[in-house]
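Welcome! Have the structure open beside you and work through these exercises one step at a time.

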Amino acid sequence: MNYEDSYHRLPNKLIFGSFVLAMILDFIPFSGSLYWLPEFTALILIYWLINRPQSVNIGVAFFVGLLVDIGTVSPLGAHSLAYMISAYLIIANHHQFVMFNYGFQTVLVLLALLGNELILVGIRFLNEQRFSGWLILLAPVLGAIIWPILNKIMHALIHNKRKQR
């Protein structure tokens with residue numbers, strides 16, 4: 001069995017569990033001073049879009065976005081739109097994405113997360129007529145910084161799951 005086969009044999013429970021854990025982290029009601037925390041659900045979505053595109057696609061991005069909208073009391077459809085646009089761009093460039101090293105993937109993840117955040121800022125501006133501030137863009141930068149760590153953790157989990165079989 002090669003490395004690609006290990007991803008095809010992953011149980012969907014692992015994908016579902018990672019989304020649940022990420023959403024729990026995103027739904028914790030922190031005070032306003034923790035705006036710099038990354039969107040863990042978006043990071044997990046990007047991870048699975050890159051590593052398991054046959055199971056996680058634009059439809060999953062839409063559904064996960066709706067759940068995040070409900071859980072974070074955002075305008076309904078805001079996260080869905082942002083996640084679907086990111087998912088489309090990642091899926092369209094999937095073959096190039098997986099060939100890059102972690103450094104270049106980090107830059108691409110930063111661009112995807114910045115795109116998500118800019119869409120959300122635009123929707124909030126149209127909905128509430130107020131600008132959230134430029135500091136809100138720290139979250140995508142932190143998300144990109146932790147991308148290699150998240151990637152290593154997820155690969156270790158998948159490798160352990162494969163050994164248990």
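**Exercise 1: two packed helices**

Helices α3 and α5 are roughly parallel to each other, because their packing angle falls in the class for that word (angles under 35 degrees count as roughly parallel, over 145 as roughly antiparallel, 65 to 115 as roughly perpendicular and the rest as oblique). This is a predicted model, in which local features need pLDDT of at least 70 and side-chain atom pairs count only at pLDDT 80 or more, while totals for chains, interfaces and linings use all residues. Residues are numbered from 1 along each chain as its sequence is written, and side-chain values use heavy atoms, with hydrogens and water left out.

Task: find the angle and the axis distance for α3 and α5 (residues 78–92).

Step 1. The angle is about 25°, and the axes lie 10 Å apart. Axes are lines fitted to C-alpha atoms, for helices over the stretch in contact, and angles run from 0 to 180 degrees between N-to-C directions.

Step 2. Look for the residues that meet: on the α3 side they include Leu-45 and Leu-49, and on the α5 side Tyr-83 and Ile-90. Contact means heavy atoms within 4.5 Å.

**Exercise 2: a second partner for α3**

Task: are α3 and α8 parallel or oblique to each other?

Step 1. Their packing angle is about 55°, with the axes 11 Å apart.

Step 2. That makes α3 and α8 oblique to each other.

Step 3. Among the residues that meet are Tyr-47 and Trp-48 in α3, and Trp-147 and Met-154 in α8.

**Exercise 3: the two sides of α2**

Task: check the span of helix α2 (residues 12–27), then sort its residues into buried and exposed.

Step 1. The 16 residues of α2 should span 22 Å at 1.5 Å a residue (the expected span is 1.5 Å times one less than the number of residues), and the end C-alpha atoms are indeed 22 Å apart.

Step 2. Buried residues (under 20% relative accessible area; exposed is over 50%, partly exposed in between, with a 1.4 Å probe and protein chains only) are Leu-14, Ile-15, Ser-18, Phe-19, Ala-22, Met-23 and Asp-26. They cover an arc of only 165° around the axis, so they sit on the same side of α2.

Step 3. Exposed Lys-13, Phe-16 and Leu-21 are on the face turned away from that buried side.

Step 4. The cover over the buried residues of α2 includes α3 (40–51), α4 (58–72) and α8 (138–164).

How values were computed
Helix = DSSP H or I, 4+ residues; strand = E, 2+ residues; numbered from the N terminus. Arc of directions from axis to C-beta.
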